[in-house]
Amino acid sequence: MRTPVVMTLGLVLAPCGLLLNLTATLAPGWRLVKGFLNQPADVELYQGLWDMCREQSSRERQCHQPDVWGYFEAEPVRVARALMVTALATTALGLLLASLGVRCWREKPRFPLAGLSGLVLFAAGLLSLVPVSWYNRFLADRAVLPADASPVTVHVSYSLVLGYLGSCLLLLGGCSLALSLAPWCEGRCRRRRRKEPPGSPRRSSISTVHVDWPERTLPPAIKYYSDGQHRPRPAELGAARKPEAGFPMPRPQPRAFSNQLDVLRGEDARSAGDSLGSTGACHASLPCDSDL
């Protein structure tokens, strides 16, 4: 069986979302801080969930910078750490279920398992989208995410953008794989309909329309004779006789005499009378052979 398009699309989008979220979680690039006083103008500070790096055009990037503002103790940072790690673990579980359900080595895919993996991946996308959105909401709030006062400026960095993209890809991939539940639900509904007894009342639906057509009034010749068989008359004309089994036999043609034996007897009597008459005529006119 050919792999459905929704499964193929989900298997392509979900690993891409996992890779982007993994990069966003580990890379120190959620917020960019620059414009420090008493420092060169090209000094920039990249802040992430686990580390901070200082970058200057004339020098290499220097990570593991000290947290002088208490940035890692901020609530959005701590919540983002927990939710992003949870999202990565959930994504890995969803991909494992998807690989078992889509079946690259089986003849037919497992639609329930593939649909379940889609739901898990959709939940992983939500878990990664919440911390990214919350962090972006308080990005410029120095009371929530500590930073120096003006003229220091804060900007969105690349990790935040990667987090958004990864979350959207996981949501799309999860929705695509969740559509695999449709064939499974359809097959289950068909099996349930087959198991229902034939005498059970049918459920009404939008596609089912009941129309009570009026009975047609037919002439007596058509109403009581159809398909070569006589139909019983209504009850007020008399009790209807139960139809006999089989098919009607053809009736014989009418004859001149109903009893052939009577006809033969009449012929015998007429022949006897004729013979007696001829004998009397013989005695009256001429002598017969018996008299000789």
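## Helix α4

Because a rise of 1.5 Å a residue would give the 21 residues of α4 a span of 30 Å, the 30 Å between its end C-alpha atoms agrees with what is expected. The model described here is a predicted one.

Many positions in this helix can be named by their burial: Ser 159, Leu 160, Leu 162, Gly 163, Gly 166 and Ser 167 are buried in α4, as are Leu 170, Leu 171, Gly 173, Gly 174, Ser 176 and Leu 177. The partners against which the buried residues of α4 pack are α1 (5-26), α2 (75-102), α3 and β5 (153-156).

## The pairing of α3 with α4

Two packed helices are described by the angle between their axes and by the distance between those axes. For helix α3 (residues 111-137) and helix α4 (residues 158-178), the axes come within 7 Å and cross at roughly 155°. Angles over 145 degrees count as roughly antiparallel, and α3 and α4 are therefore roughly antiparallel to each other.

The crossing in which α3 passes α4 is left-handed. Where α3 is in contact with α4, the residues divide into 16 nonpolar and ten polar, with no charged residues.

## Leu 45 in strand β2

Elsewhere in the model, strand β2 covers residues 44-47 and includes Leu 45. This leucine, Leu 45, counts as buried because its relative accessibility is 11%, where the cut-off for buried is under 20%.

Apart from its neighbours within four places in sequence, Leu 45 is in contact with Arg 31, Leu 32, Val 33, Phe 36, Met 52, Cys 53, Arg 54, Gln 65 and Trp 69. For one of these, Gln 65, the separation from Leu 45 is 20 residues in sequence and 9.0 Å in space, taken from C-alpha to C-alpha.

Terms used: Residues numbered from 1 in each chain as written. Predicted model: local features only at pLDDT ≥ 70, side-chain atom pairs only at ≥ 80, totals over all residues. Heavy atoms only, no water. Helix = DSSP H or I, 4+ residues; strand = E, 2+ residues; numbered from the N terminus. Buried < 20%, exposed > 50% of the residue type's maximum accessible area, 1.4 Å probe, protein only. Contact = heavy atoms within 4.5 Å. Axes fitted to C-alpha atoms, helices over the stretch in contact; angles between N-to-C directions. Parallel < 35°, antiparallel > 145°, perpendicular 65-115°, else oblique. Left-handed = near helix turned anticlockwise from the far one by under 90°. Nonpolar A, V, L, I, M, F, W, Y, C, P; charged D, E, K, R; others polar. Expected span 1.5 Å × (residues − 1).
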